[in-house]
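Please open the structure in a viewer and keep the selection panel at hand. The stops below proceed from one selection to the next.

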Amino acid sequence: MKKILHMTPPDINNGVYRYIFNHMPYIDQNEYCFEFLTRNRQDLMATKEYKQYHFMIRSFQNTERESKIGLHEEMMDILGSGYDVIHLHTSFWRGFLIEEVAMELQIPHVIVHSHSTGIDFTDEEERNKLLQIHEGYKQAFGFNKATDVCACSKLAGEWLFGAQIPREEIKILPNAIEVEKYHYQPKVRRKMREKLGIENRIVIGNVGRYCYQKNHRFLVRAFSKALEQNPKLFLILIGQGELEDGICAFVKELGIENSVLCLGWQANIEDYLQAMDVFCLPSLFEGFPISVIEAQAAGLPCFVADTVTREAGITDLVSFMPLDEEIWCHALAGCRAEHSRERVDELIGKKGYDIKMAAGRLRELYC
């Protein structure tokens, strides 16, 4: 049995955990034993995946910024317990002490995996400070601190790894999905729309954390203007995060609360996608959005910001648009209810975003 330790962020409902959890059913846990290293043990234990797999969770308290000595001691204890692989999932650099300890202990595979192309902090001053720190570590990083470097997209690789890392050395690991789970199902659509009371509406949908990166205020403003032109429109927002209350308050401030549903995180995203007619992602940046793959698998037309990597446009269902409110308003106002949706399994599979294929690549990486 190979012991794999995934170092993950504290926020549970994000793309990193969806990436790992999507793969787990397709990787034999008796052969590749997944464990987690995180500062949020409590929320991770509340997930359905923990209840299913009962994986080991290794928690730590210190950070490199607050106590290098304390973090070093914790990592020597945790990483010294015998791992074949440490898979570090990250969005931007704030240090690489954990990587250095892993290499010092001669863990066979020390994998750094880039999942983003920006820094998700609302405060501009703080974001700029973190960007300077990120750039410094980016230039200092090399293969003395990892055995393998990976990214969810080419842009994500360029964001995390400097020019000193040859681009051919960056392995692209697709954010893949279980395609069949998202197939269009008219019965589920009718049931969900009846449950939500939106049977006669044209439903615009968004799935993502309520945070700076996802740019919800932009979408709500554009939708509000489009609603004036097309009163049949309805907006569903699904996610959780630090800006959730602010976004819900903004909806009320615009007086459109009867045409907007702000939901928390939903475990059955695939059912909500059935209820939608169009999917929107106006993010300021993305590593590679799993949500857009899921929406395409459900046969939904997708309006996506042109700040997002073109690699997300697996099918012709995706339209990349500049972040201009008038352009998005016009596009949303022209939306129509979609009742026939094409199956795109073959295209998604050919591009490597079918989870069965992606799991094979992950197993190869761990060998």
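Begin by selecting Lys129, which has a relative accessibility of 44% and therefore counts as partly exposed, the cut-offs being under 20% for buried and over 50% for exposed. The model is a predicted one.

Next, add Glu125 to the selection. Glu125 has a relative accessible area of 53%, so this residue is exposed. A salt bridge joins Lys129 to Glu125, with 3.9 Å between the closest N and O atoms. Display helix H6 (residues 124–140) to see the setting: both Lys129 and Glu125 lie in this helix, 4 residues apart, which is about one turn of the helix.

Salt bridges elsewhere in the model may be visited in turn; the structure holds 16 of them. Select Arg189 and Asp277, which form a salt bridge whose closest N and O atoms are 2.7 Å apart. This pair links distant parts of the chain, 88 residues apart: Arg189 belongs to helix H8 (residues 186–196), while Asp277 sits in the loop between helix H11 (269–275) and strand E11 (278–281). Are Arg189 and Asp277 buried or exposed? Arg189 is buried because its relative accessible area is 4%, and Asp277 likewise counts as buried because its relative accessibility is 0%.

Move now to Arg209 and Glu242. Their salt bridge has its closest N and O atoms 2.7 Å apart. Here too the pair links distant parts of the chain, with the two positions 33 residues apart in numbering. Arg209 is found in the loop between strand E8 (202–207) and helix H9 (216–229), and Glu242 in the loop between strand E9 (233–238) and helix H10 (244–253). With a relative accessibility of 17%, Arg209 counts as buried, since the cut-off for that class is under 20%.

Keep Arg209 and Glu242 displayed and add Asp11 and Asp120. These four residues are linked in a network of salt bridges.

For the last stop, select helix H5 (residues 97–104). Which residues of H5 are buried? They are Leu97, Ile98, Glu99, Val101 and Ala102. To see what covers these buried residues, display the surrounding elements, including strand E1 (2–7), helix H4 (68–79), strand E4 (85–90) and strand E5 (109–114). Finally, select Gln106, which follows H5 and has a positive phi, near 60°.

Conventions
Residues numbered from 1 in each chain as written. Predicted model: local features only at pLDDT ≥ 70, side-chain atom pairs only at ≥ 80, totals over all residues. Heavy atoms only, no water. Buried < 20%, exposed > 50% of the residue type's maximum accessible area, 1.4 Å probe, protein only. Contact = heavy atoms within 4.5 Å. Salt bridge = Lys/Arg side-chain N within 4 Å of Asp/Glu carboxyl O.
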